[in-house]
Amino acid sequence: MAGDTKERILETALALFAQSGYLGTSMSDIANQLHITKGALYKHYAGKQEILDSIISRMNQMDYDRAEAYEMPETEADGFAEAYMRTPIENIKAYSMAQFDHWTKDPFSSNFRKMLTLEQYRDRKLEGLYHDYLATGPTKYMAAIFRKLVDTDEEAIQLALNFYGPMFLLYSVYDGTADKDSVASMLETHIDRFIAKIEFAKEKREKHI
């Protein structure tokens, strides 16, 4: 079916992008990997940019669905931090672990991450996507969450870096080790300790109000 073919093209193209880079992969490479002609490939996608646009659309939908599943607040509204503070701590931990699984265990998302890592220094648009999905974006998300716990924006950013920095590092650790389960254990320990510190600071802050 056409839908199955388009899906296979997306997955195959992204796997090639993760291996050789978006710029280093041609439509011919994709067609050859799929054992189809370029003409057949062009019947489904007009070019690499349309394939990339479809990949990004898929990633955005996956992000939305995952946040909704864990009852996490959207990032746009002014009431974001307040909404997050009302989210049960178990949801926050579960969502953070799910985020890590998303970027490491899910083949589609993992290949997207690897593609952006490869291309961040070679293409300005892909550099922007790298920051949106893996660097600046997650840091700003966490800073918005922690802003209600501290007095300044700078302190919120530091908390965000303290939380997200180890997670970001563990993506690479996960890629390079055979003992994948140990990485998830390290992340869980990090999150538990961080949450404990945040809860302690929150209680201390409330006592002085």
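Which residue forms a salt bridge with Asp153, and how far apart are the closest N and O atoms? In this predicted model, the partner of Asp153 is Arg147, and the closest N and O atoms of the pair are 2.6 Å apart. Both members of the pair retain some access to the surface: Asp153 is partly exposed, at 47% relative accessibility, and Arg147 is likewise partly exposed, at 28%.

The overall architecture is helical. The protein contains 11 helices and zero strands, and its elements accordingly follow the order α-α-α-α-α-α-α-α-α-α-α from the N terminus on. Of the 209 residues in the protein, 41% are buried. The accessible surface amounts to about 11,900 Å², and carbon and sulfur atoms account for 53% of this area. Contacts between residues at least 6 apart in sequence were also examined by their separation along the chain; 63% of them join residues at least 24 apart.

Salt bridges were considered next. Side chains of opposite charge can pair when their charged atoms come close. The count for the protein comes to nine salt bridges. One of them joins the side chains of Arg113 and Asp175, with an N to O distance of 2.9 Å. Arg113 belongs to helix α7 (residues 107-119) and Asp175 to helix α10 (residues 153-176), so this salt bridge ties together parts of the protein that are 62 residues apart in sequence. The two partners fall into separate accessibility classes: Arg113 counts as buried, at 4% relative accessibility, whereas Asp175 is partly exposed, with a relative accessible area of 35%.

The surroundings of Arg113 extend beyond its charged partner. When neighbours within four places in sequence are left aside, Arg113 is in contact with Trp103, Thr104, Leu134, Tyr171 and Asp175. Among these residues, Asp175 is the salt-bridge partner, while Leu134 is one of the α8 residues that meet helix α9.

A further salt bridge is found within a single helix. The side chains of Glu127 and Arg124 meet at 3.3 Å, N to O. Both residues lie in helix α8, where they are three residues apart, about one turn of the helix. Glu127 is partly exposed, at 28% relative accessibility, and Arg124 is exposed, with a relative accessible area of 71%. Elsewhere in the protein, salt bridges link Lys93, Glu188 and Asp192 in a network.

The packing of helix α8 against helix α9 was then examined. The axes of α8 (residues 124-134) and α9 (residues 136-146) come within 3 Å and cross at roughly 30 degrees. Angles under 35 degrees count as roughly parallel, and the two helices are therefore roughly parallel to each other. At this contact, His131, Asp132, Tyr133 and Leu134 in α8 meet Thr136, Gly137 and Pro138 in α9. By class, the residues in the contact comprise three nonpolar, three polar and one charged.

Tyr133, one of the α8 residues in this contact, is buried, with a relative accessible area of 9%. Leaving aside neighbours within four places in sequence, the contacts of Tyr133 are Ile56, Met59, Asn60, Asp63, Trp103, Phe112, Leu116 and Pro138. Pro138 in this set is also among the α9 residues that meet α8, and Trp103 also appears among the contacts of Arg113. For Tyr133 and Phe112, the separation is 21 residues in sequence and 9.8 Å in space, C-alpha to C-alpha.

Towards the C-terminal part of the chain, His190 was examined in helix α11 (residues 180-207). His190 counts as buried, at 16% relative accessibility; the limit for this class is under 20%. Outside its neighbours within four places in sequence, His190 is in contact with Asn162, Phe163 and Pro166.

Note on methods
Residues are numbered from 1 along each chain as its sequence is written. This is a predicted model: local features need pLDDT of at least 70, side-chain atom pairs count only at pLDDT 80 or more; totals for chains, interfaces and linings use all residues. Side-chain values use heavy atoms; hydrogens and water are left out. Axes are lines fitted to C-alpha atoms, for helices over the stretch in contact, and angles run from 0 to 180 degrees between N-to-C directions. Helices (H or I, at least four residues) and strands (E, at least two) are DSSP runs, numbered from the N terminus. Angles under 35 degrees count as roughly parallel, over 145 as roughly antiparallel, 65 to 115 as roughly perpendicular and the rest as oblique. Contact means heavy atoms within 4.5 Å. Ala, Val, Leu, Ile, Met, Phe, Trp, Tyr, Cys and Pro count as nonpolar, Asp, Glu, Lys and Arg as charged, and the others, Gly among them, as polar. Buried means under 20% relative accessible area, exposed over 50%, partly exposed in between (1.4 Å probe, protein chains only). Accessible areas come from the Shrake-Rupley method with a 1.4 Å probe; for residues, only the protein chains shown count as cover. A salt bridge is a side-chain nitrogen of Lys or Arg within 4 Å of a carboxyl oxygen of Asp or Glu.
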